[in-house]
2 protein chains.
Amino acid sequence: MDLVPRKSRKRTIFVVVFVTGLVCIGIGFIIGWFSRGSTIHNSDTKADRNYTSKQRLAGTDNVKELVQHIAQQWRDHGLDKVEITPYDILMSYPNTTKQNRVEIVVSGGSPVFTAALVEKPLDADGNQSDIIPPYNSFAPAGVAEGDLVYVNYGRIEDFMYLNNLSIDITNKIVIARYGKIFRGDKVLNAQRFNASGVILYSDPADVNTNGTSDTYPNSWWMPETGLQRGTVGGDGDLLTPFYPAREYAYRLAMDKISIAVKIPSQPIGYGDALHFLSDLSGDVVPNDWKGGLNITYKIGPGFVNKTRKAKLTVNNYLKVVTVENVIGIITGEVEPDRYVLLGNHHDAWVFGAIDPLSGTATLTEITRVMGKMKQSGIRPKRTIVFCTWGGEEVGLIGSTEWVEEYMKVLYERAVAYLNVDWAVESINNLAAGASPLLQDPLYQAAKIVPNPDSSSPYKTLYDIWNQKNPGDGTGEPSVYYSLGSGSDMATFYQRAGVPSIDMYYTFDHKQWNILYYPLYHSAYETFHMFTSFIDPSFNYMLTMGRLWGVLAWKLADETLLSYDVRRYPKAISDFIATLKTQFGPLWQANNVNIGALESASANFTLAAKNFYDRLQSVDKKNPLAVRMANDKMMQLERVFIDPEGLPGRPIYKHVMFAPSKFDSYKDNSFPGIVDTMFEIQNNNASSWDLLKQQVYVATYTIQSAANSLDPIGL
Amino acid sequence: MDLVPRKSRKRTIFVVVFVTGLVCIGIGFIIGWFSRGSTIHNSDTKADRNYTSKQRLAGTDNVKELVQHIAQQWRDHGLDKVEITPYDILMSYPNTTKQNRVEIVVSGGSPVFTAALVEKPLDADGNQSDIIPPYNSFAPAGVAEGDLVYVNYGRIEDFMYLNNLSIDITNKIVIARYGKIFRGDKVLNAQRFNASGVILYSDPADVNTNGTSDTYPNSWWMPETGLQRGTVGGDGDLLTPFYPAREYAYRLAMDKISIAVKIPSQPIGYGDALHFLSDLSGDVVPNDWKGGLNITYKIGPGFVNKTRKAKLTVNNYLKVVTVENVIGIITGEVEPDRYVLLGNHHDAWVFGAIDPLSGTATLTEITRVMGKMKQSGIRPKRTIVFCTWGGEEVGLIGSTEWVEEYMKVLYERAVAYLNVDWAVESINNLAAGASPLLQDPLYQAAKIVPNPDSSSPYKTLYDIWNQKNPGDGTGEPSVYYSLGSGSDMATFYQRAGVPSIDMYYTFDHKQWNILYYPLYHSAYETFHMFTSFIDPSFNYMLTMGRLWGVLAWKLADETLLSYDVRRYPKAISDFIATLKTQFGPLWQANNVNIGALESASANFTLAAKNFYDRLQSVDKKNPLAVRMANDKMMQLERVFIDPEGLPGRPIYKHVMFAPSKFDSYKDNSFPGIVDTMFEIQNNNASSWDLLKQQVYVATYTIQSAANSLDPIGL
């Protein structure tokens, strides 16, 4: 067993203590941190201070209180250093005195119907008076009135469908259902087609899939009064692009900030949406546009009663507030200047029992266990950094500003960033997106962690994962490579080139074809929900804690990093094959030659094989040889960072993987190529010249990756 | 003596052999490589194949022949690997059938006077039939005709002087003398003031300072028939910005390339310039505009005879050609993945006896000595890379494309880049520009190298350097910190953040207030000139070879790098003090607060002191501790690289030092701040907002430098 290297008997024991620590001691503690009751909590945690008891919106006093609480817990756990890192950033809030309104009006006149302005409290869980009003952060204030058009999920293909029917969206309000793509891209798509506003709603087909009347608080299904909040903005503080929002920052004037979304948008529940959709005129929608409401879905434009219009009034405002991260450090014994980072955010839309506090509690449990290990005299070889981020929900702001502040040292020193946003949204199987470099360490860690279902014949997490979520013919569990921008790994991966992972326990996506758990970003995401319908025993949170902790410890303590560099060229050559299948004839017809790209890929494959072969004979007792090998593995991901960034998107600098330009949740491999092809095929501005230039950049980068694995490399 | 660490007696001996090698064996060899005669040459070097015997313009067969010759010599010297790296790049040539013309014409009619189209051969040195016609590379083809205006050196302040006299340059041809600033910036300045063309000439005040009639071939002074060629373009291949011009490159269409200079320009000799200047009308020039011609210098506009106009016809053309570098490697014994690079270019405007071949021959001598050391069984700890670049004269093209190709590994691995363009232009004293990090290694190397003047009471190069060229009250020889873009260190320093140096032996700049030796870039820069008037004994070339070689060997072989990190914050705090003196009241009046900048600088000073103190107790027998310390010293320079680049100049990424935006030869510290202040003070587009933003970026970067020296850094 060389999965966790064992330098000495002493170390072995502590590795076992760590792995089993979560089993033997962990459960009580993790429940304690998570609990709002007074019977099951850690004695260090006051019963009236717990993660999910209040709303935790970024920039509010509630979240400041949580930050202090977490920092104190981490200090109590004996980390070497715990710091709160504040950034003053531009936040977007709903106006509580002039509330947002979504209405049906008699043209230019009084409202016929007004959607609810709040999410109705349905139980006593959390401080129900404290529910954040529904809104989309960074949706600009504005009023729109006009005929309504139903645009399905608001994807480019949905708008193209309407376009092909000659339905003009200009100056109309569109209503789009949540799902499939990032909500901000729905609004941007509507904007591209000149809509004046966007109403977003959660269709029961997506959030109450079975159509049960037994919704929350009796199940995890969304009731008609529930809705999804969420940002429609981009990543990082708008006032300080590229640089940290420290007190000395130069901040852009408000008329100089760059907000892509220019039209108002607002979320409503499906109980309200029914009133808008049921009265639409026009053609009946195609089958795959039909939702779960008991109506005939029509496209519009406009209501049956032509004197009625949809009206959207958004009064969101921008304000500079402080968001805070908590950063905890255990200093490495041998290589303090190499970091393994674990990250999660702590801000929530409302109570955040799944998103993110299931992850936050898990992270705190890991600090406890590793604190204990440290107190017992055992330190990892490399430095472990615990991060809990503020302002994630409103644009990954806490993590982005912190990565910007420490960009230079992270670029030189970070071995891996391990993100868990929510730990558990359901208990069917593990989902993980990762850099190809982290695939093997993840598998090896999962082989150590027990299967949370002790009644199963599969003994390890790896086995049950492979059973439930197998890769396509690989014989290994499914890992998706390309990390979108949906959580805090984005800035680490896209700008600092730190090998990153994002993982969580999820539902069976073959059973329910939805992005997230139904109550996502609603006020009903409560402790009651979590303990009633998600993970009552906290057994899956425990499993995530084990996996996350074991993986971090492994990467921080193994002599030679367990990165298998051969995964990277394999991924690339697979992606090239896919591109050829998809675009081969079109490229041939347009003189796009990818011969050099294929050669570079072959060179990279060979260089990785040679590196791997040499690695097998590296003398693990030779610290310089070990460091030289590890440096090259760590830096391989950096090679994919191009300072010039992707076309028109300088903030995205990873040449191989980036969020899709047309859906930030989606991940593109070869983003410069794939996005450009998308634009070419949709008759947008891009050109074959840009495509050829992007093939060149990809070729150059992959060849550089090959060079970087060579002992000399020149 | 710990200047060159001595691990063992064996190593000590070889260090001595290396240092003395150049003394005992070197002279004959170095003369041999340099000589075109048959009596004094290395037996490996055929008498008919030598560096200066033919013109060596980039892209010509002559330079290809030289490249093959150098590569063969380096192979013969036993380097581990010698490669020729070709790049297909866009080159600019003079049209030999439709020659460029600089004329005085009767308005719209026939020429009254035509400047010489060639530099007249004055001796039998070199193949005189092979002289490249005078031109400015990348001056666009075009015809301009109009009144002539004399603009002195063509600096911004010269144009502002004319502006203040209400002399409008629009659509006029200007005549500017060479000197003070980069010629390309003279043309750009003229263009900013709407001139239609630029005639450049070398005034005798600058190239025949003493006004002697005994010019070349009887002295190093420029004759009236001589002139300075040179590029007016920027850096790197225009067809492939940011990426290497490899065979698979996507090349910009010709109408998409970015050439800043849009108006024609052409150099002439002062014999010809006399005809233009002597007939100018208008006011007499101020005293500091007066040159050395025996005329009354007037400004114009226009000639005394108003029917006469100046006419400029430029027929230069662009062509894709191959430039080649020679890259030679001696693999390091302990850390092959750390590089010390020595670089020089081999392309010349004509025969290039000083620029660059005095450097090229010196570099080849170093390959010989280090090849001998290697054959004797001694290798440096780190890898040594010898580079001789093609296409330097036309925009640092060979080095830029190579650095672009290997950017990723250079960024991770390069310890230092040591540039010598020409080795010796005169024998008065040493001149060196360097990163603050390289100042101490350079001093230490200079203390090993003997004073080339053995009759002097100063025994070492360091001593005589300190005597001839002392720093201002420092007690140490003068080293300027900020490296402009005049030679091949630019891309290493400005984009890859590799600590760099540029050095040469020069004349007494207090005696002659000129940029370069008088025959710079003329056809008279011959072997005859070098051996008659510059360094007949080759003793100063030998000294440069010793200095360069000793410095390289030291950096490649010392256990702990001799970088004194305290130099960097010292330089920065000195520059901040200068800025405060210069701009303090103005900044106060405009609410520019540099308190945070000063704090960051103080933090950096403290971090550097602490690092330095810790360094003294690093166990040199602990290879990991040594590598960790060295990594931080090497990477300190990288911290100053900002992927976003300077405002409007993404190619310049070093926040602390860059070529001035208004004179590429000049070096700015805090370039983002200084250039913006220049623009503010000259009422150009820049704003106080940009200035504040640049203060912020500088503050952030300096604080990052402080963090980077911390063992943890978070």
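**Sheet and symmetry in a two-chain model**

Mentor: Strand β12 (residues 317-330) and strand β14 (residues 382-389) of chain B run antiparallel and are joined by five bridges; keep in mind that this is a predicted model.

Trainee: Which residue is the bridge partner of Val326(B) in β14(B)?

Mentor: That partner is Thr388(B).

Trainee: And what packs on the sheet there, touching β12 and β14 of chain B?

Mentor: Helix α2 (residues 61-76) of chain B does, touching β1 of chain B as well, and its direction makes about 5° with that of β12(B).

Trainee: What about helix α11 of chain B, which strands does that one touch?

Mentor: Helix α11, residues 461-468, packs on the sheet against β16 and β17 (500-506) of chain B, and its direction makes about 90° with that of β16(B).

Trainee: Okay, what's the strand order in the whole open sheet?

Mentor: The seven strands of chain B follow the order β1-β12-β14-β13-β15-β17-β16, and their pairing is mixed. At the edges lie β1 (81-93) and β16 (429-434) of chain B, each of which pairs on one side only, while the twist from one strand to the next averages 20°.

Trainee: Switching topic: how can chain A be laid on chain B?

Mentor: A turn of 180° with a shift of 0.0 Å along the axis lays chain A on chain B with an RMSD of 0.0 Å, which means that the relation is that of a two-fold axis.

Trainee: Which C-alpha of chain A is nearest the axis?

Mentor: The C-alpha of Pro643(A), 2.4 Å from the axis. The same surface serves both copies, since 100% of the contact residues of chain A recur in chain B.

Conventions. Residues numbered from 1 in each chain as written. Chains lettered and ligands numbered in written order. Predicted model: local features only at pLDDT ≥ 70, side-chain atom pairs only at ≥ 80, totals over all residues. Heavy atoms only, no water. Least-squares fit on C-alpha atoms with pLDDT ≥ 70 in both. Contact = heavy atoms within 4.5 Å. Pairing = 2+ DSSP bridges. Helix = DSSP H or I, 4+ residues; strand = E, 2+ residues; numbered from the N terminus. Axes fitted to C-alpha atoms, helices over the stretch in contact; angles between N-to-C directions.
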